[in-house]
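Please look over the following model with an eye to its charged side-chain contacts, its strand order and its backbone geometry. A short report follows.

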Amino acid sequence: MNILVAEDNEVQAVLLEATLTQAGFQVTCVRDGAEALERVRTGEFRLVVTDWEMPRMTGPELCRAIRAEDLPGYVYIILVTSRDTAQERVQGLASGADDFVAKPFNPAELIERLHTAERILSLETRDVAIFAMAKLAESRDPETGAHLERVRSYCRVLAQDLAGVEKFKDRIDGEFIRLIYLTSPLHDIGKVGIPDCVLLNPGRLNDREFEIMKTHAALGAETLGAALRTFPGVKFLEMGRDIAATHHERWNGDGYPAKLSGEQIPLCGRIVALADVYDALTSKRVYKAAFSHDIARSMIVKESGEHFDPDIVAAFVRSQARFQEIRDRFAELAPTQANSPTLTEALNTAIAA
């Protein structure tokens, strides 16, 4: 595995590089946190060993910056530092570090901690399997394109913004953000149980077809709930089930399948609801043009307190530039400026449940 070492002290950098190279790791050394962040952004490094005190960006600042990035995979961070009090360990962990090694470091201890990091990173194969399962369900509908990639990225952006709001500080942490990115692609997994004549209907669904389509929320929740009964307490299954069950509920209680309202709807379901609608509105389908970002934004803002949680709408407005960046990155066809329909018509046709 290729390890990025961020250490401004020349002697310490040489010792770290020699120790890790001798252990069979590939090592790249940089001299400050800002340079380390730029290298992490390339996606080349999944494991970072960093000093605490560095010019331009400290180790904890580097940890926070990495956790705020929209990276393709998890980055494991070890702080190698002489700061070893309980308070400093709490500070480092709160910034996003995964582990600590005290200076002067013991080479054998550092190497074993790196092997532990490799084992933890290998668990991401589970994440790949979950996403593959979601993509398999999505593959029945060739019109959806990069829908899952966009929705999970939108969800992460919303969760990251909400984490900075006092109301949500005790509810949204790094684990919540990671889990919603991992499990949000499962929101429509219940569509595997929807007949092709309904799922692949290229036009607007009639009332009977729409009622059939709506059953996908309960079907998805039942499927993931069955897995959860076999593996109780598994966090990603719990969140996946909640998302599948509630991403079509509405803040005002007019959604489905359970007509939950307000805080009765799990936070993860409320976040996915907005991300899913935004993507449906801004994506081209055979039965509709792709609405521009501005039109989609106006529709979503109009539904604050009705369809959507007002706090999540506010997070969307604050983060809209990042939404546009994600949309551009996973673009299919350029959006077409179209006459804005009523939100009800847009939701019924663009989302089609």
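The salt bridges of this predicted model come to 24 in the count. Three pairs are set out below.

| Pair | N to O distance |
|---|---|
| Arg-56 and Asp-32 | 3.1 Å |
| Asp-279 and Arg-150 | 2.3 Å |
| Arg-241 and Asp-242 | 3.2 Å |

Start with Arg-56 and Asp-32, whose closest N and O atoms are 3.1 Å apart. This pair links distant parts of the chain, 24 residues apart. Arg-56 sits in the loop between strand 3 (47–50) and helix 3 (59–68). Asp-32 sits in the loop between strand 2 (26–30) and helix 2 (33–40). Are the two partners buried or exposed? Arg-56 has a relative accessibility of 67%, so it counts as exposed. Asp-32 has a relative accessible area of 10%, so it is buried.

Next come Asp-279 and Arg-150, with a salt bridge of 2.3 Å from N to O. Asp-279 belongs to helix 12 (residues 267–281) and Arg-150 to helix 7 (residues 147–162), so the salt bridge ties together parts that are 129 residues apart in sequence. Both Asp-279 and Arg-150 are buried.

The third pair is Arg-241 with Asp-242, at 3.2 Å from N to O. Arg-241 has a relative accessible area of 28% and is partly exposed. Asp-242 is partly exposed too, with a relative accessible area of 24%.

Salt bridges also join into a network. Which residues does that network link? Its members are Lys-167, Arg-171, Glu-263, Arg-270, Asp-309 and Asp-311.

Now the sheet. Five strands make up an open sheet with parallel pairing. Their order is 2-1-3-4-5. Why is one side of strand 2 and of strand 5 (99–102) left without a neighbour in the sheet? Each of these strands stands at an edge and has a single partner strand, so one side has no neighbour there. On average, neighbouring strands of the sheet are turned by 20° against each other, direction ignored.

One pairing can be followed down to residues. Strand 3 runs parallel to strand 4 (residues 76–81), and four bridges pair them. Thr-50 has Leu-79 in strand 4 as its bridge partner.

Last, the backbone. Most residues other than glycine have a negative phi, and most peptide bonds are trans. Where does this model depart from that pattern? Two cis peptide bonds and two positive phi values are described here.

The bond joining Lys-103 and Pro-104 is cis, with omega about -5°. Pro-104 lies in the loop between strand 5 and helix 5 (107–122). The bond from Tyr-256 to Pro-257 is also cis, with omega near 10°. Pro-257 lies in the loop between helix 11 (235–246) and helix 12.

Lys-259 is found in that loop between helix 11 and helix 12 as well. Its phi is near 55°, a positive value in a residue other than glycine. At 54% relative accessibility, Lys-259 counts as exposed.

The other positive phi brings back Arg-56, the partner of Asp-32 in a salt bridge. Arg-56 is not a glycine, yet its phi is about 70°. Its place is the loop between strand 3 and helix 3. Arg-56 thus pairs an exposed position with a positive phi.

Conventions
Residues are numbered from 1 along each chain as its sequence is written. This is a predicted model: local features need pLDDT of at least 70, side-chain atom pairs count only at pLDDT 80 or more; totals for chains, interfaces and linings use all residues. Side-chain values use heavy atoms; hydrogens and water are left out. A salt bridge is a side-chain nitrogen of Lys or Arg within 4 Å of a carboxyl oxygen of Asp or Glu. Helices (H or I, at least four residues) and strands (E, at least two) are DSSP runs, numbered from the N terminus. Buried means under 20% relative accessible area, exposed over 50%, partly exposed in between (1.4 Å probe, protein chains only). Two strands pair if DSSP finds at least two bridges between them. Axes are lines fitted to C-alpha atoms, for helices over the stretch in contact, and angles run from 0 to 180 degrees between N-to-C directions.
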